[in-house]
Amino acid sequence: MLAFVLRRAVLGFLVLWALSLASFCALASQDVLLTNRPLLPQYWTWLKGVFNGNSVALFNKPAISVPNPLAGTTLLEAIGHTAALLVVALLLVFVFGVGLALVAAVWRGSFADVALRGLSYLAWAVPAFLLALIVQKALFSIGNEYGWGPFPLAGWPGSCPPPLGLDAGVLPGCPSAGSGLSYLANLGRYLTLPALVLAVGLVGLHGRYLRSSLLETLDSPFIVTANAKGLTQRRVVLVHALRVALPAFIAAVLSDFGAIFGAALAVDWIFGLNGLGTVLVSDFPGPANQFGFTNTYSVQMVVLVAGAIMLLASFVAELVLTWLDPRTRTAR
Amino acid sequence: MTLAALTILVILLAAGGFAHELAPQGWNSIDLSPRWQNHPPAFANGNVFGTDNLGRSILVRTLWGLHFSEQVAVVGALLATTVGVMIGVLAGYYGGVSDSVLMPFADLVGGFPVIILMLIVFAFLRPVTIWDATLVFAFSLWALVARVVRAKIASIRSQEFVEAARALGASDLRIIVRHVLPNASGVIVVALTSLVGQIVIIDATVEFFGFGVDSSLRPTLGNLIANASATGIGVFNEVSLGWWAWGTPALVLVLLLVSINLAGDGFEAALDPRRRAA
């Protein structure tokens, strides 16, 4: 076990180092502020800065003043916002994925099962960014420019809503983020729409796989035995069958983490959550950064965090698999 | 269900593939009369899906977008599958050193967020061409194929018919080509279809960020949606392209993805006798 953890840690650090070097060279060659010195000394300055905090402090602090409504979000805040989105979305994926599979297990072939299965194909086929835009557009037209019911269309608790729609010039006072329980309630309000949007496609893909593996498990002989021994159907499905089908589901979700993270960046930007996606888009030449300035120190951090999260996800996937499925323990 | 999906898929693939014949005027053909700028869908003048703010037919642009998206996805997926199968065979059939060197490498490449990789590569290659995007996808996604192919081939290798072929004096090449690969073809086809779907979706997301192919150079489904959203849908901007400007490529994108997934699942079921019985 120790050898396994150590091996993964060493490999992880090597990967992150190589990644940071490659991406630094790519980004700095485009950064007007970093072309006065050769790339490698610049990289060395950056690398030292990661450890003594200088590089982290320069996160999202453009040296050239570009109008960026989000300037001031620190690295930790950005990571926290993205992580909150990911955690809520993954919880939703788990709940709805298991729900989809249970509907199929209990009422196999029923109308609900077939309809949900059809919907799951549609759900996976709509990219998260497209769904986010459609949801925002739809709620904008049935609600107002700040939101629909209790759910804001964009922003993070405590952030001033970005100027939206036709009333772009008129800003209401910034709502307070609240503290304690009211902060959590606010967080829930702001995160509901983005997390749902992010989760829909993943439920469509992974929920469908869980469904078919649960149905396959329910056909196996040990389930017949469990039924014959007189266990309730609830116990058979929840304890016996689901336990067998879950590890593959969790491993599949975690191994898909690259795509999930990418989709989260897009959703984060569209819903203005001030997370890593928002910073990435505003500090790299693109639609939200018409001036075309690259802020190497910002994007570098996003790349580094993304790499670290990916490595962590694949590590956790293996641990979860080992924990839920003892057979894989001997394999190593 | 699968048949319907396959039909739609073939129609879409053919429409994209024959874009040269269907819309020979090219993706930048402009109707200069002000009446045909930002016009909603109309049956006159052939602008069935309306026009954008420059008077370009959305139908024609979507068709060309489909053409270029398909080129990226299909060529990219084919290249990735070819590389993935070769490496999977090398690692799964021969095992040993090639396995213990290639597979950690594949884990490394496969575990990487493709969107970030695109970002780094595209920072170098701006403006990105269709071929740049194709090759980047091929080089970053082969690992997914290599992993499943290796697992399948490692399990086939230990079966009796491979032993029998070897006992008859067949060479490694003959065993791989005539005995091992045909038995792994199901896995390979399924991996290929899912890869096409994945590339379409990742490509669209990357282009939505504005990091991919620029729509002023080559339209793709992703950058057509992104373009319309940068100036219209979403609540950030007042300048508005009509709903048809993003709705049409979005609809084609969703149709393409649904039919690819249904067809892929159909292949999987058809190639797996256990599931056919159930």
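**Helices, burial and confidence in a predicted two-chain model**

The buried residues of helix α6 of chain A are A128(A), F129(A), L130(A), L131(A), A132(A), L133(A), V135(A) and Q136(A). A residue counts as buried if 20 or more other C-beta atoms lie within 10 Å of its own, as exposed if 12 or fewer do, and as partly exposed in between, with C-beta atoms placed from the backbone. Helices (H or I, at least four residues) and strands (E, at least two) are DSSP runs, numbered from the N terminus. The model is predicted: local features need pLDDT of at least 70, side-chain atom pairs count only at pLDDT 80 or more, and totals for chains, interfaces and linings use all residues. Residues are numbered from 1 along each chain as its sequence is written, while chains are lettered from A and ligands numbered from 1 in the order in which they are written.

Helix α6(A) covers residues 128-142. The expected span of a helix is 1.5 Å times one less than its number of residues. The 15 residues of α6(A) should therefore span 21 Å, and the end C-alpha atoms are 21 Å apart, in agreement.

One member of this helix, A132(A), also stands out in the largest nonpolar core. Such a core is a set of buried Ala, Val, Leu, Ile, Met, Phe, Trp, Tyr and Cys residues joined through C-beta atoms within 7 Å. The largest has 168 residues, of which A132(A), A266(A) and V267(A) touch the most other members. Two residues are in contact if their C-beta atoms, placed from the backbone, lie within 7 Å. Neighbours within four places in sequence aside, V267(A) contacts L85(A), A128(A), F129(A), A132(A), P194(A), V197(A) and L198(A). In soluble globular proteins, nonpolar side chains tend to be buried together.

Chain A comprises twelve helices and two strands. Their order along the sequence is α-α-α-α-α-α-β-β-α-α-α-α-α-α. Of its 332 residues, 39% are buried. Contacts between residues at least 6 apart in sequence were also examined; in chain A, 69% of them join residues at least 24 apart.

Helix α8(A), residues 221-228, is hardly covered. Among its eight residues, the count of buried ones is zero. The helix is followed by G230(A), whose phi is positive, near 90°. L238(A) belongs to helix α9(A), residues 233-255. This residue is partly exposed, with 14 other C-beta atoms within 10 Å. L238(A) and V224(A) are 14 residues apart in sequence and 15 Å apart in space, C-alpha to C-alpha. Further along, N274(A) lies in the loop between α10 and α11 (276-282) of chain A. N274(A) is not a glycine, yet its phi is positive, at about 60°. N274(A) is buried, with 26 other C-beta atoms within 10 Å.

Chain B has eleven helices and zero strands. Half of its residues are buried: 50% of 278. Of the contacts in chain B between residues at least 6 apart in sequence, 70% join residues at least 24 apart.

Helix α5(B) spans residues 114-125. At 1.5 Å a residue, its twelve residues should extend over 16 Å; the end C-alpha atoms are 16 Å apart, which agrees. Ten of the twelve are buried, so α5(B) is largely enclosed by the rest of the structure. The buried set is V114(B), I115(B), I116(B), L117(B), M118(B), L119(B), I120(B), V121(B), F122(B) and A123(B). These residues pack against α1 (2-28), α10 (257-270) and α12 (296-324) of chain A, together with α6 (130-157) and α8 (172-208) of chain B.

L251(B) sits in helix α10(B), residues 243-271. With 14 other C-beta atoms within 10 Å, L251(B) is partly exposed. Its C-alpha atom is separated by 30 Å from that of G186(B), 65 residues apart along the chain.

Confidence was assessed by pLDDT, the predictor's confidence in each residue, from 0 to 100. Chain A has a mean of 80, with 86% of residues at 70 or more. Its lowest element is strand β1(A), residues 147-148, at a mean of 76; its highest is helix α4(A), residues 75-106, at 90. Over residues 163-170 of chain A, pLDDT stays under 50, and the model has twelve contacts there beyond four places in sequence.

Chain B has a mean pLDDT of 80, with 87% of residues at 70 or more. Helix α11(B), residues 273-277, has the lowest mean of its elements (55), and helix α3(B), residues 58-94, the highest (90). Residues 231-239 of chain B stay under 50, with 27 contacts beyond four places in sequence. Where pLDDT is low, the predicted coordinates should not be read in detail. For the complex, the predictor gives an ipTM of 0.81 and a pTM of 0.83.
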